[in-house]
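Here is a set of short exercises for you to work through at your own pace. Try each task before you read its solution.

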Amino acid sequence: PANVCVDGKRASSSVANDFLKLVDQLHDKGQKIAAAVLNESNLTLTYILDGSAKPFDCLAQEWQPWQATWIVRDSATPAAAFTSDDAELGYNRFTILNNPENVTDWTWMSSPDVHYGKFGLPNHSATAFQLWEPDSQTVINQYQSIIDSGFQHDAGLDFAINIDISMFETYSANVAKRGWDVRLLEESGVRVFLVNLGGGLFAAFWKCSDPDS
C-alpha cells in the first residue's frame, strides 16, 4: 500500500493495517530465526526492508534493527536519507543504495559533486551499491563503466537480476574480471574452434586466406 502513515501515525485503513501486521509478524519471526542462527552457527543474519515497509515517517523506529534500501524518487524512501544518517528520523537505517536502471540517475550520483551522497562516505564503504535489474550485456557494461569512471567504492557494485544466472555470468564476465567473452562477427575466412586442453574448454580463432580450406 502507498499510504501506511497518516498524520504521523499508522494508517487505520484495513489494507494498511493488514499489511503492517504482516510485517510485524515477519519481524518477530525473523528476529527469532536470527537469534537461533547466531546461537547455533555464530553467523549474523541481516534483514533488509524494502517496498512500503521502510523505517520512515511513523515507522522510523519500527522493526529494529533491520536496515532498508534507499531508492531515488520512491514514495517510501525519504529523499533526505541520501545524505543524512539522522537516527531520530530513521535515516541511519537506509544503508543500501539500491537504484533501478536509469543512466541519468547513476551518472548524477557518480559525479564528483554528489559522490553517491552518504553512501560514498567511509562509514558506508563496506556496503556495495546495488543496481536492479539489468538484463543485457550492453547495460551491464554501461553501468560498470559509470561506476569505474567515478571514485572507487571499496565494496563495489552488485547487480540484482531476474535473468538466468548462467546468462548473467556470461554477460558480466569481462567487467567482473572472472572470465572473458567475445562477440563473434560473421566474417569470411574466420573460423572458430572450441578446443579441450587439459580439461579446459578454449575457443580458438583462425583466419585463413582461403575460406574453403
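**Exercise 1: A pair of opposite charges**

Lys118 and Asp85 form a salt bridge in which the closest N and O atoms are 2.8 Å apart. Residues are numbered from 1 along each chain as its sequence is written, and side-chain values use heavy atoms, with hydrogens and water left out. This is a predicted model, where local features need pLDDT of at least 70 and side-chain atom pairs count only at pLDDT 80 or more, while totals for chains, interfaces and linings use all residues.

Task: find where Lys118 and Asp85 lie in the chain, and decide whether Lys118 is buried or exposed.

Solution, step by step:
- Start with the rule: a salt bridge is a side-chain nitrogen of Lys or Arg within 4 Å of a carboxyl oxygen of Asp or Glu.
- Recall the background: side chains of opposite charge can pair when their charged atoms come close.
- Next, locate the partners. Lys118 sits in the loop between α2 and β6, and Asp85 in the loop between β4 and β5, so the pair links distant parts of the chain, 33 residues apart. Helices here are DSSP runs of H or I with at least four residues, strands are runs of E with at least two, and both are numbered from the N terminus.
- Finally, check accessibility. Buried means under 20% relative accessible area, exposed over 50%, and partly exposed in between, using a 1.4 Å probe and protein chains only. Lys118 has 1% relative accessibility and therefore counts as buried, whereas Asp85 is partly exposed at 31%.

**Exercise 2: More salt bridges**

Task: work out how many salt bridges a search of the whole structure finds, and which parts of the chain Asp105 and Arg73 tie together.

Solution, step by step:
- The search of the whole structure gives six salt bridges.
- One of them joins Asp105 to Arg73, with the closest N and O atoms 2.7 Å apart.
- Asp105 lies in helix α2 and Arg73 in the loop between β4 (67-70) and β5, so this pair ties together parts that are 32 residues apart in sequence.
- Asp105 is buried, with a relative accessible area of 8%, while Arg73 is exposed, with 65%.
- Another salt bridge is formed by Lys54 and Asp50, whose closest N and O atoms are 3.9 Å apart. Lys54 is buried at 0% relative accessibility, and Asp50 is partly exposed at 41%.

**Exercise 3: Strand β6 and its neighbours**

Task: look at strand β6 and say which of its side chains are buried, then find the strands it pairs with.

Solution, step by step:
- Strand β6 covers residues 129-132, and its side chains alternate. Phe129 and Leu131 point to one face and are buried, while Gln130 and Trp132 point to the other face and are not.
- Two strands pair if DSSP finds at least two bridges between them. Strand β5 (residues 94-100) runs parallel to β6, and three bridges join them. Within this pairing, Asn98 stands opposite Gln130.
- Strand β7 (residues 157-160) also pairs with β6 in the parallel sense, over four bridges. Here Trp132 stands opposite Ala160.
- Now add the helix: β5, helix α2 (residues 103-110) and β6 make a right-handed β-α-β unit. Right-handed means that, with the strands pointing away from the viewer, the path from the first strand over the helix to the second runs clockwise.

**Exercise 4: Backbone details**

Task: find which residues follow a cis peptide bond, and where Tyr116 is found.

Solution, step by step:
- The peptide bond from Gln64 to Pro65 is cis, with omega near 0 degrees. Pro65 lies in the loop between β3 (48-49) and β4.
- Trp132 and Glu133 are also joined by a cis peptide bond, with omega about -20 degrees. Glu133 is in the loop between β6 and α3 (137-149).
- Tyr116 has phi near 60 degrees, a positive value in a residue other than glycine. Tyr116 is found in the loop between α2 and β6 and is buried at 0% relative accessibility.
- Asp57 has a positive phi too, near 55 degrees. Its place is the loop between β3 and β4, and Asp57 is partly exposed at 47% relative accessibility.

**Exercise 5: Confidence**

Task: which element has the lowest mean pLDDT, and which the highest?

Solution, step by step:
- pLDDT is the predictor's confidence in each residue, from 0 to 100.
- The protein chain averages 85, and 83% of the residues score at least 70.
- Among the elements, strand β8 (residues 190-197) has the lowest mean, 59, and helix α1 (residues 14-41) the highest, 97.
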